[in-house]
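I opened a notebook for this structure and wrote down what I looked up, one topic at a time.

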Amino acid sequence: MNRTTKALEQCRQTIQSYEGCADRYYARIPEMPNLRDQTALRRIAEMAGRGGLILEVGSGPGREADFLETLGVTVRRTDATRRFLELQATRGKHGERLDIVTDDLGGPYDAVVGLCVLIHVPRDRIDHVLAKVAASLRPGAPFLVSMRDGDGETVGNFHTVYWRRDAFALRLEQAGLTLLWDEFSVDPDGDPWNTFLAVKP
């Protein structure tokens, strides 16, 4: 199995695992994002402008999209896991199936949001994905992304890739994005995260 085939198989396994646990995941996610994410999402909405179009990749339960929409922007909700889209549909929220690794992202968008999702992108595909994100943004538009802090990766049902702050910041810059802000945090499960806000010049 070559590296590309292995990477795509890891992605498929992760998506299939989410299909199996989506209902449990959906049930335990709070209806409102945490205060830290709310602050970042408010900034994204302000930069996108009222009525701006935001692409959210990996919408999951859709709570960040719900919050963004209260701020006067339009969100294109997407996820590679069909079950998450079905669960959002029960609340009257339309989403589209999109795999950030293999699919075209469309655009141009006034912002792109990818919280807790690019951690599942294989390391040797991250540059490709970030280049697609950059290409989908209009000039001056922001990209909000969070990544698990650490080294290496875990394999199994949920393939997770860890990035140190400086290494991922360099990847953003090499994709043609300018880093405006970043923050380190630890979630309630004790997992460390780096959140980045970058912009397309």
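The entries below go through the cores, the largest pocket and a few single residues of a predicted model.

**Entry 1: the largest nonpolar core**

I began with the largest nonpolar core, which holds 34 residues. I asked which of its members touch the most other members. They are Ile100, Leu118, Phe143, Phe168 and Leu172. I then listed the elements that give two or more residues to this core: helix H5 (126–136), strand E5 (142–148), helix H6 (165–174) and strand E9 (192–199). H5 gives the most, with five residues.

I noted the contacts of Ile100, leaving aside its neighbours within four places in sequence. Ile100 is in contact with Val57, Leu105, Leu118, Val121, Val129, Lys132 and Val133. Leu118, one of these partners, is also on the list of members that touch the most others.

I also found a second, separate core of 16 residues. Ile44, Ala45, Phe67 and Val73 are among them.

**Entry 2: helix H5**

Since H5 gives the most to the largest core, I looked up its buried residues. They are Ile126, Val129, Leu130, Lys132, Val133, Ala134 and Ser136. Val129, Lys132 and Val133 had already come up as contacts of Ile100. What covers the buried residues of H5 includes strand E4 (111–114), E5 and H6.

**Entry 3: the largest pocket**

Next I turned to the largest pocket, with a volume of about 1,300 Å³. I wanted to know which lining residues are the closest to its centre. Of the 48 residues in the lining, they are Tyr25, Ile29, Leu115, Cys116 and Trp193.

Helix H1 (3–28), helix H2 (35–48), helix H3 (63–69), E5, strand E8 (178–186) and E9 each supply at least two residues of this lining. H1 has the largest share, seven residues. E5 and E9 also give two or more residues to the largest core. By type, I wrote down 25 nonpolar, 11 polar and 12 charged residues in the lining.

**Entry 4: Cys116**

I went back to Cys116, which is listed with the residues closest to the centre of the pocket. Cys116 lies in the loop between E4 and H5. Its phi is near 60°, a positive value in a residue other than glycine. Is Cys116 buried, exposed or partly exposed? Its relative accessibility is 39%, so Cys116 counts as partly exposed.

**Entry 5: the loop between E3 and E4**

I looked at two residues in the loop between strand E3 (95–97) and E4, starting with Pro108. A cis peptide bond joins Gly107 and Pro108, with omega at about 5°.

Asp110 is found in this loop too. Asp110 counts as buried because its relative accessibility is 18%, and the cut-off for buried is under 20%. I asked what the side chain of Asp110 makes a polar contact with. One partner is the side chain of Arg138, at 2.6 Å. A polar atom of the Asp110 side chain also lies 2.8 Å from the backbone nitrogen of Leu53. Not counting residues up to four places away in sequence, Asp110 touches Ala48, Gly52, Leu53, Arg138, Ala141 and Pro142.

**Entry 6: Asp79**

Asp79 sits in strand E2 (residues 74–79). At 7% relative accessibility, I put Asp79 down as buried. I recorded two backbone nitrogens for its side chain. That of Thr81 is reached at 2.8 Å, and that of Ser59 lies 3.2 Å from a polar atom of the side chain.

Beyond four places in sequence, the contacts of Asp79 are Gly58, Ser59, Gly60, Phe84, Leu85, Glu96, Arg97 and Leu98. I also checked Asp79 against Arg42, 37 residues apart along the chain, and their C-alpha atoms are separated by 22 Å.

**Entry 7: Gln88**

My last residue was Gln88, in helix H4 (residues 82–89). Is Gln88 buried or exposed? With 0% relative accessibility, Gln88 counts as buried. I asked which side chain is joined to that of Gln88 by a polar contact of 2.6 Å. It is the side chain of Arg77.

The contacts of Gln88, leaving aside neighbours within four places in sequence, are Ser59, Gly60, Pro61, Gly62, Arg77 and Lys93. I noted that Ser59 and Gly60 are in contact with Asp79 as well.

Note on methods:
Residues are numbered from 1 along each chain as its sequence is written. This is a predicted model: local features need pLDDT of at least 70, side-chain atom pairs count only at pLDDT 80 or more; totals for chains, interfaces and linings use all residues. Side-chain values use heavy atoms; hydrogens and water are left out. A nonpolar core is a set of buried Ala, Val, Leu, Ile, Met, Phe, Trp, Tyr and Cys residues joined through side-chain atoms within 4.5 Å. Buried means under 20% relative accessible area, exposed over 50%, partly exposed in between (1.4 Å probe, protein chains only). Helices (H or I, at least four residues) and strands (E, at least two) are DSSP runs, numbered from the N terminus. Contact means heavy atoms within 4.5 Å. On a 1 Å grid over the protein atoms alone, a cavity is a set of points where a 1.4 Å probe fits but cannot get out, and a pocket is an open set with protein on both sides within 12 Å along at least five of seven lines; lining residues have an atom within 4 Å of a point. Grid points are joined across faces, edges and corners, and a volume is the space filled by probe spheres set on the points. Ala, Val, Leu, Ile, Met, Phe, Trp, Tyr, Cys and Pro count as nonpolar, Asp, Glu, Lys and Arg as charged, and the others, Gly among them, as polar. A polar contact is a pair of N or O atoms within 3.5 Å; within protein, one must be able to donate a hydrogen and the other to accept it, and residues adjacent in sequence count only if both atoms are side-chain atoms.
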